[in-house]
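Trainee: I've got this model open and I'd like to talk it through with you. Can we go step by step?

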Number of protein chains: 2
Amino acid sequence: MARRYDPDRRQRIVDAAVRVVTEHGIAGLTHRAVAAEADVPLGSTTYHFAGRDELLAAALERMNDAWLADLAERLAQHSDLPPAERLARYVAHSLGPGRAETELCYELYFAGLRHPTLRPLSSRVLAGVAELLRPLVPDPVAARLLTAALDGLLIQLLLSGDAYDERAAVTLFERVLAGPLPATRTGSSPAGDTR
Amino acid sequence: MARRYDPDRRQRIVDAAVRVVTEHGIAGLTHRAVAAEADVPLGSTTYHFAGRDELLAAALERMNDAWLADLAERLAQHSDLPPAERLARYVAHSLGPGRAETELCYELYFAGLRHPTLRPLSSRVLAGVAELLRPLVPDPVAARLLTAALDGLLIQLLLSGDAYDERAAVTLFERVLAGPLPATRTGSSPAGDTR
DNA sequence: CCGCGATGTGTACTGCCGTACGCATCGATG
DNA sequence: CATCGATGCGTACGGCAGTACACATCGCGG
């Protein structure tokens, strides 16, 4: 029972928490599970984190950062391709080996929806994605819309299990990317021109 | 302790389960909570439903049906407006008084993602939405893309708490709705034309 | 070298949960 | 009206969770 000298125990606990959440979901995050995963006694997790919530928040924050980093990296790759193609590639990537991670990210998203504590985290990720997409698009509003299209498409593919139609995805992104928002005009004309 | 004659007890239990899920989320659905909400003894919920899962599935199915019915109704209204406007109106409606319900629906969505048991339900709703959107659009693939745009936009608005920019939404829908998919051509040309 | 506070460890307490089960009651069937 | 199975009711049991807490150990400042 010799007490171990373990200066970054806290760090390792967060790592373990991330693994636990990845495997068992948010509901599966318990002090005991994390302690076992980190190979530390139960009391240790309660010592370093005031409560379950704090532990969860720490894990989520790290996972969010990883997500944004991954997106940034993927967007940087293939920088020769047109934006719509790059986004479609990113979708393909998200559905590939890292699919489980993608599913997690969206689970966290919605965890923020129910638990007010986590909302700022969700909001931050959302803003982060929009920011990364910003260079592809003429204005911030368009970046938000593009984010919506990306999210919606990914969610649908994750849920339906349908095969990924990359050509359709490219088309979707091309359309959303098409030029600056005509609606930028502050005019209040209610009827959209069908073009 | 006189035993009550209560022919549609099962029904009322489902109702109570819906209310419990609405208020406390999926994680909050317990036999005890439902029993209390339905004002029946604990043993009653376990008698009518084999287990927690069955109870949850029953509640979710009902909520999903309600969601689709609401969407159908909203789309039928304002049938004079162009489709993009109608969709934007629906988004506004979803963010209004029924916002809590909307949030619930998406929570259920992702519950299906983690729990394989519930996946068919999620998938069914997804297909249902796409089917309702089908008449607005030239082909089924476009309906799926439109569904993605709608979902993505709603999710973003629910999470970010940003004000709803209805004009931007209309623009988004107009673009996604624009004509039949050019990608319908089976051609395999890999590079999208930058137009 | 010496204490002392930070850190680590093990365990116990309390509460909630799913589920099982024995008994009570009543509608329906003959 | 007699009976029986479906339905209703209350309670108990085992498991797992969060948290608290007493004690052990060790780095570090004096």
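Trainee: What turn lays chain A on chain B, and with what RMSD?
Mentor: Keep in mind that this is a predicted model. Chain A can be laid on chain B with a shift of 0.0 Å along the axis. That is the relation of a two-fold axis. The turn is 179° and the RMSD is 0.1 Å.

Trainee: In chain A, which C-alpha is nearest the axis?
Mentor: Look along the axis that relates the copies. The nearest C-alpha of chain A is 1.9 Å from that axis. It belongs to A:G152.

Trainee: And why do the copies meet through the same surface?
Mentor: The contact takes 47 residues from chain A and 47 residues from chain B. The copies meet through the same surface because interface residues of chain A are also interface residues in chain B, and the share for which this holds is 98%.

Trainee: Which element gives the largest share of the side of chain A that touches chain B?
Mentor: Elements giving two or more residues to that side are α5 (83-95), α6 (99-114), α7 (119-133), α8 (140-160) and α9 (166-177) of chain A. The largest share is 15 residues, and it comes from α8(A).

Trainee: By class, how many residues on that side of chain A are nonpolar, polar and charged?
Mentor: Still on the side of chain A that touches chain B, 11 residues are polar and 11 are charged. The nonpolar count there is 25.

Trainee: Let's zoom in on one chain. How many helices and strands does chain A have?
Mentor: From the N terminus on, the elements of chain A run α-α-α-α-α-α-α-α-α. Buried residues make up 40% of its 195 residues. Among contacts in chain A between residues at least 6 apart in sequence, 61% join residues at least 24 apart. As for your count, chain A has zero strands and nine helices.

Trainee: At roughly what angle do the axes of α1 and α4 of chain A cross?
Mentor: Helix α1 covers residues 9-24 and helix α4 covers residues 52-76, and their axes come within 9 Å. They cross at roughly 80°. That makes α1(A) roughly perpendicular to α4(A).

Trainee: Which residues of α4(A) does α1(A) meet?
Mentor: The residues of this contact divide into eight nonpolar, no polar and one charged. On the α1(A) side they are A:V14, A:A17, A:V18 and A:V21. On the α4(A) side they are A:L55, A:A58, A:A59, A:R62 and A:M63.

Trainee: Now A:V91: is it buried or exposed?
Mentor: A:V91 is found in helix α5 of chain A. Not counting residues up to four places away in sequence, A:V91 touches A:L153, A:L154, A:Y164 and A:A169. Its C-alpha is also separated by 7.9 Å from that of A:L150, 59 residues apart along the chain. With 22 C-beta neighbours inside 10 Å, where 20 or more is the cut-off, A:V91 counts as buried.

Trainee: How about A:D39, buried or exposed?
Mentor: A:D39 sits in the loop between α2 and α3 of chain A. Its phi is near 60°, a positive value in a residue other than glycine. A:D39 has 10 other C-beta atoms within 10 Å, and 12 or fewer is the cut-off. That makes A:D39 exposed.

Trainee: What is phi of B:D39?
Mentor: B:D39 is placed in the loop between α2 and α3 of chain B. B:D39 is exposed, with 10 other C-beta atoms within 10 Å. It is a residue other than glycine with a positive phi, near 60°.

Trainee: On to the DNA. Which element gives the most to the surface near DNA strand C?
Mentor: Of the 23 residues that surround DNA strand C, the closest are A:R9, A:G43, B:T30, B:H31 and B:G51. Elements giving two or more residues to this surface are α3 of chain A together with α2 (31-38) and α3 of chain B. By class, the surface has nine nonpolar, seven polar and seven charged residues. The most, four residues, comes from α3(A).

Trainee: And which element gives the most to the surface near DNA strand D?
Mentor: Around DNA strand D there are 23 residues, and A:T30, A:H31, A:G51, B:R9 and B:G43 come nearest. α2 (31-38) and α3 (42-48) of chain A, with α3 (42-48) of chain B, each supply at least two residues of this surface. Its classes are nine nonpolar, seven polar and seven charged residues. With four residues, the element that gives the most is α3(B).

Conventions
Residues numbered from 1 in each chain as written. Chains lettered and ligands numbered in written order. Predicted model: local features only at pLDDT ≥ 70, side-chain atom pairs only at ≥ 80, totals over all residues. Near = placed C-beta within 6 Å. Nonpolar A, V, L, I, M, F, W, Y, C, P; charged D, E, K, R; others polar. Least-squares fit on C-alpha atoms with pLDDT ≥ 70 in both. Contact = placed C-beta atoms within 7 Å. Axes fitted to C-alpha atoms, helices over the stretch in contact; angles between N-to-C directions. Parallel < 35°, antiparallel > 145°, perpendicular 65-115°, else oblique.
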